[in-house]
Amino acid sequence: MSLSDAIPFLDLKPVYLASREAIDAALLRVAASGWYLLGKELTEFEAAYASYCDVAHCVGVANGLDALHLGLLALGVGPGDEVIVPSNTYIATWLAVSQCGARPVPVEPVELTYNLDTTQIEAAITQRTKAILPVHLYGQPADMDSIRAIAARHGLGVLDDCAQAHAALYKGRRVGSLADLSAWSFYPGKNLGAFGDGGAVTTSDSELDCKVRVLRNYGSRVKYVNEVKGFNSRLDDIQAAVLAAKLRYLDEATAQRRSIAQRYLDGLDGLPLTLPYVPEWADPAWHLFVVRHENRDALQTRLAERGIGTLIHYPVPPHMQAAYAELGYTKGDFPIAERMHAEVLSLPLWPGMTDTQVARVIEAVRAVLEIV
């Protein structure tokens with residue numbers, strides 16, 4: 001098979017081409033403006049994205065990890081505190097807790113949805129617990145009503161990690177409007193991606209909004225007047241302009257993702273493969289289409305031989321990473337997460353993916369499963 005026939009895991013060129021005119025105009029407009037930080041482009045994007053998420057405020061920051069970190073700080077998380085986190089997630093979710101000097105306390109997921117098992121959260125809450133940090137993993141909304149109810153009973157804050165859930169809906173409501181604060185990543189591969197790193201925090205709480213704004217800019221509201229020990233974490237105007245241009249096409253791009261995901265669900269049905277499960281109250285963003293197979297590595301290798309690109313999200317759960325060796329967890333402590341991380345495989349999916357490409361992926365998976 002020639003390189004031209006291969007199907008990559010992700011191709012961002014069609015995403016750019018779909019909004020090329022608007023993006024190019026935005027880049028030229030910022031270049032000519034002479035103002036590149038905390039300017040008009042950022043203000044306009046923050047207003048547009050807040051409106052899109054059905055919240056009052058959006059604060060642009062440098063990246064998704066900073067969005068999580070500053071969001072937790074705004075909730076008052078600090079040294080000695082504990083934060084409930086999923087046992088299966090990208091390590092950034094845990095790192096944000098650690099950056100506050102707090103301890104991440106893992107809770108296992110529901111196997112069907114990959115999201116926090118709300119029936120296990122209360123058993124993990126202690127006197128030190130300050131917040132719950134659910135993740136809408138792979139773009140599938142977590143059960144936020146149940147999480148908010150638990151948080152209310154225990155007086156806890158809720159910050160949700162929305163890095164993979166742009167345009168997802170939970171019971172008809174926008175993800176990004178379901179917690180005290182919501183943290184976003186605009187990494188280029190995200191459903192709403194910048195041309196570099198970028199992030200944001202959304203909220204309808206004016207006090208929390210103010211805290212994040214101060215923290216992102218050296219702890220300052222007035223230039224050279226510093227109220228708290230803050231950070232340098234600002235979404236620059238170039239990225240803000242690109243994001244504003246692409247935001248106009250987000251719903252269209254999401255509709256394409258949902259169409260491709262449905263074709264996968266239909267075309268792979270009945271195979272010895274665990275397909276994504278969608279609760280009736282969820283409308284996922286389909287950031288990723290993740291399947292599970294007990295012989296995942298062989299499946300990935302065979303697909304690669306047929307020119308089908310795949311990725312693993314994620315191969316090592318956070319509690320088994322060397323970075324968290326000090327927490328003392330060992331293999332078997334979180335068996336559901338460990339099993340998921342050993343079996344998950346993400347298939348190609350992006351807006352602009354052709355019907356022929358989708359059909360080839362389905363054909364390849366079906367063929368490979370006959371021999372794996």
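How much area does the protein chain expose, and what share of it do carbon and sulfur atoms supply? The exposed area is about 15,900 Å², and carbon and sulfur atoms supply 52% of that. Keep in mind that this is a predicted model. The legends below start with the whole chain and then move in on single spots.

**Figure 1. The whole protein chain has 13 helices and 14 strands.** Its radius of gyration is 21 Å, close to the 21 Å that the globule rule gives for 372 residues, so the chain is as compact as a globular protein of that length. Measure out a box along the principal axes and the C-alpha atoms fill roughly 65 × 55 × 35 Å. Of the 372 residues, 56% are buried. If you look at contacts with a separation of 6 or more, 70% of them come from residues 24 or more positions apart.

**Figure 2. Tyr49 and Tyr52 make a stacked pair in helix α3.** The model has 13 aromatic pairs. In this one, the ring centres are 6.2 Å apart and the planes sit at 10°; planes under 30 degrees apart count as stacked, so that is what we call the pair. Both tyrosines belong to α3 (residues 40-52), with a spacing of three residues, or about one turn of the helix. Are these two tyrosines buried or exposed? Tyr49 is buried, and Tyr52 is too. They also have aromatic company: Phe45, Trp184 and Phe186 join them in one cluster. Look for Arg174 as well, whose charged end sits over the ring of Tyr52, 3.9 Å from the ring centre.

**Figure 3. Tyr329 and Phe334 form an edge-to-face pair.** Here the ring centres are 5.1 Å apart and the planes are at 75°, so the pair lands in the edge-to-face class. The two partners are covered to different degrees: Tyr329 has 22% relative accessibility and so counts as partly exposed, whereas Phe334, at 10%, counts as buried.

**Figure 4. The largest nonpolar core holds 42 residues.** Which of its members touch the most others? They are Tyr49, Ile121, Ile132 and Phe186. Several elements chip in at least two residues each, namely α3, β3, α6 (118-124), α7 (144-154) and α9 (237-247). Helix α3 gives the most, with five residues. Zoom in on Ile121 and, leaving out residues up to four places away in sequence, you'll find it touching Ile84, Val107, Leu116, Ile132, Ile147 and Ile150. Apart from this core lies another one, of 38 residues, including Val290, Leu349, Met353 and Leu369. As background, nonpolar side chains in soluble globular proteins tend to be buried together.

**Figure 5. Helix α5 (residues 92-99) has a buried side made up of named residues you can pick out one by one.** Those buried residues are Ala92, Thr93, Trp94, Ala96 and Val97. What lies over them? The cover includes helix α4 (64-74) along with strands β2 (82-86), β3 (103-107) and β5 (157-161). Following α5 comes Gly101, with a positive phi near 85°.

**Figure 6. Asp209 is a buried residue in helix α8.** The helix covers residues 206-216. Asp209 has a relative accessibility of 8%, which is why it counts as buried. Setting aside neighbours within four places in sequence, its contacts are His57, Val59 and Thr203.

**Figure 7. Three loops hold backbone features worth a look.** For context, most residues other than glycine have a negative phi, and most peptide bonds are trans. The peptide bond between His313 and Tyr314 is cis, with omega about 15°. Tyr314 belongs to the loop between α11 (296-305) and α12 (335-343). Tyr138, in the loop between β4 (129-132) and α7, has a positive phi near 65°. Its relative accessibility is 8%, so Tyr138 counts as buried. Trp286 isn't a glycine either, yet its phi is positive at about 50°. You'll find Trp286 in the loop between β12 (282-283) and β13 (289-292), and at 8% relative accessibility Trp286 counts as buried.

Conventions. Residues numbered from 1 in each chain as written. Predicted model: local features only at pLDDT ≥ 70, side-chain atom pairs only at ≥ 80, totals over all residues. Heavy atoms only, no water. Phe/Tyr/Trp six-rings, centres within 6.5 Å; stacked < 30°, edge-to-face > 60°. Helix = DSSP H or I, 4+ residues; strand = E, 2+ residues; numbered from the N terminus. Buried < 20%, exposed > 50% of the residue type's maximum accessible area, 1.4 Å probe, protein only. Lys NZ or Arg CZ within 6 Å of the ring centre and 35° of its normal. Rg over C-alpha atoms; globule rule 2.2 N^0.38 Å. Contact = heavy atoms within 4.5 Å. Areas by Shrake-Rupley, 256 points an atom, 1.4 Å probe, with all protein chains shown as cover. Core = buried A, V, L, I, M, F, W, Y, C linked by side-chain atoms within 4.5 Å.
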